[in-house]
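Work through the exercises below with the model open. Try each task before reading its solution.

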Protein chains: 2
Amino acid sequence: MEEITALLKQKGLKVTPQRLAILNFLMHTNEHPTAETIYKKLVSDFPTMSLATVYKTLEVLKNTGLVQELNVGEGSFRYDAKTTPHPHIVCLGCGKVEDLDESIFKDLLEEVKKHTDYKVVGQKLYFYGYCPACQKKMNN
Amino acid sequence: MEEITALLKQKGLKVTPQRLAILNFLMHTNEHPTAETIYKKLVSDFPTMSLATVYKTLEVLKNTGLVQELNVGEGSFRYDAKTTPHPHIVCLGCGKVEDLDESIFKDLLEEVKKHTDYKVVGQKLYFYGYCPACQKKMNN
DNA sequence: ATTGATGCAAATGATTTGCACCGTG
DNA sequence: CACGGTGCAAATCATTTGCATCAAT
């Protein structure tokens, strides 16, 4: 938990139990949770925590670059503590969201820069498909 | 307007003035409008049209594959009558959304398929940057 | 002691839904 | 004529905000 405390201080943020819990949770999961999901996971340990705090905290963490916000096309946002830009893949069967390796798209970025007169500063790459488990289910 | 009528019939949809207007508008714009924007553009010509109808119509058009839904990370969806999968680029200055040529990413798709055990069936690629006009504004 | 963070409840905003009426096929 | 489409208003759901209280620096 010390590294997380350090991260927050480094960004000039006050260190509170809620922030520690939220950032810690995000850094140790790969499920790309929504605010709601994070809240549900943490209320048991922090019974007074409110959903509003989760949203406010995520806003702050996003603005300081400690987490990134994903929008996979659902009604709500998901959050990811892996902040280097990397593509995601969404399972259309079970809805889970996984990471793809960043190396996959580094060439693409060059290509895009060559073909546009925009000054490109970011990107979001989402792929959709069926994970191995869901493929298996469909074949039965 | 006949081609649009034909498109709707071909999908087994009833042809109504509202549907014609919405699909026609989407097919002749490149601004990737939201439901709200579409509504505002059309109320003057169709004073009785309701926003709910726009949403319901977009739902139907999406399900029949006549339009695609974009989620650029704003609070709302945008719609695009160009239904072949292609990347989009969003201007962070003025918020406009433009198309990038599909050819840019065909290699990427192969790459992704090679590196994942998902059965890939779709993708959404968004780039973010500043359009030439906004770059100029920033330099002044 | 200050200043920013929390938590509740109320507000907002996009989208959806129920239902009576209307127009297309 | 039947059935799906429309339009209104009310409902829903994610997210945001106001504000009084509380805790970290």
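**Exercise 1. A histidine in a loop**

Task: Determine whether H32(B) is buried or exposed, then find the loop that holds H32(B).

Solution.
- Step 1. The relative accessibility of H32(B) is 3%. Buried means under 20%, so H32(B) counts as buried. The model is a predicted one, and this value is computed from it.
- Step 2. H32(B) sits in the loop that joins α2 and α3 (35–43) of chain B.
- Step 3. Check the backbone. Phi of H32(B) is near 50°, a positive value in a residue that is not glycine. In general, most residues other than glycine have a negative phi.
- Step 4. Turn to chain A. H32(A) also has a phi near 50°. H32(A) lies in the loop between α2 (17–27) and α3 (35–43) of chain A. With a relative accessible area of 2%, H32(A) is buried.

**Exercise 2. Relating the two chains**

Task: Which turn and which shift lay chain A on chain B?

Solution.
- Step 1. A turn of 180° with a shift of 0.0 Å along the axis does it, and the RMSD is 0.1 Å.
- Step 2. The two copies are therefore related as by a two-fold rotation axis.
- Step 3. Locate the axis in chain A. The C-alpha of L125(A) is the nearest one in that chain, 2.3 Å from the axis.
- Step 4. Compare the contact surfaces. Both copies use the same surface: 100% of the contact residues of chain A recur in chain B.

**Exercise 3. Strand pairing**

Task: In which sense, parallel or antiparallel, does β5 of chain A pair with β5 of chain B?

Solution.
- Step 1. Each of these strands spans residues 119–130 of its chain. They pair in the antiparallel sense, over 11 bridges.
- Step 2. Pick one position. Q123(A) faces F127(B) of β5(B).
- Step 3. Look for a partner within chain B. Strand β3 (residues 88–91) pairs with β5(B) in the parallel sense, over four bridges. Here H88(B) stands opposite Y126(B).

**Exercise 4. DNA strand D**

Task: Describe the protein surface near DNA strand D, and say which element gives the most to it.

Solution.
- Step 1. DNA strand D is surrounded by 20 residues. The closest are Y55(A), T16(B), R19(B), T48(B) and K56(B).
- Step 2. Sort the surface residues by class: six are nonpolar, eight polar and six charged.
- Step 3. Of the strand D atoms within 4 Å of the protein, 70% belong to sugar or phosphate, and the rest to bases.
- Step 4. List polar contacts. A side-chain N or O atom of R19(B) is 2.6 Å from a phosphate oxygen. For K14(B), the partner is a base oxygen, at 3.0 Å.
- Step 5. Name the elements. Those giving two or more residues are α4 (51–63) of chain A, with α2 (17–27) and α4 (51–63) of chain B. α4(B) gives the most, with four residues.

**Exercise 5. DNA strand C**

Task: Which element gives the largest share of the surface near DNA strand C?

Solution.
- Step 1. 19 residues surround strand C, K14(A) and Y55(B) among the closest.
- Step 2. Y55(B) has a side-chain N or O atom 2.3 Å from a phosphate oxygen of strand C. K56(B) places a polar side-chain atom 2.9 Å from a base oxygen.
- Step 3. α2 and α4 of chain A and α4 of chain B each give two or more residues. The largest share, four residues, is that of α4(A).

Technical notes:
Residues are numbered from 1 along each chain as its sequence is written. Chains are lettered from A and ligands numbered from 1 in the order in which they are written. This is a predicted model: local features need pLDDT of at least 70, side-chain atom pairs count only at pLDDT 80 or more; totals for chains, interfaces and linings use all residues. Side-chain values use heavy atoms; hydrogens and water are left out. A residue is near a molecule or strand if one of its heavy atoms lies within 4 Å of it. A polar contact is a pair of N or O atoms within 3.5 Å; within protein, one must be able to donate a hydrogen and the other to accept it, and residues adjacent in sequence count only if both atoms are side-chain atoms. Ala, Val, Leu, Ile, Met, Phe, Trp, Tyr, Cys and Pro count as nonpolar, Asp, Glu, Lys and Arg as charged, and the others, Gly among them, as polar. Two strands pair if DSSP finds at least two bridges between them. Buried means under 20% relative accessible area, exposed over 50%, partly exposed in between (1.4 Å probe, protein chains only). Copies are superposed by least squares on the C-alpha atoms of residues with pLDDT of at least 70 in both. Contact means heavy atoms within 4.5 Å.
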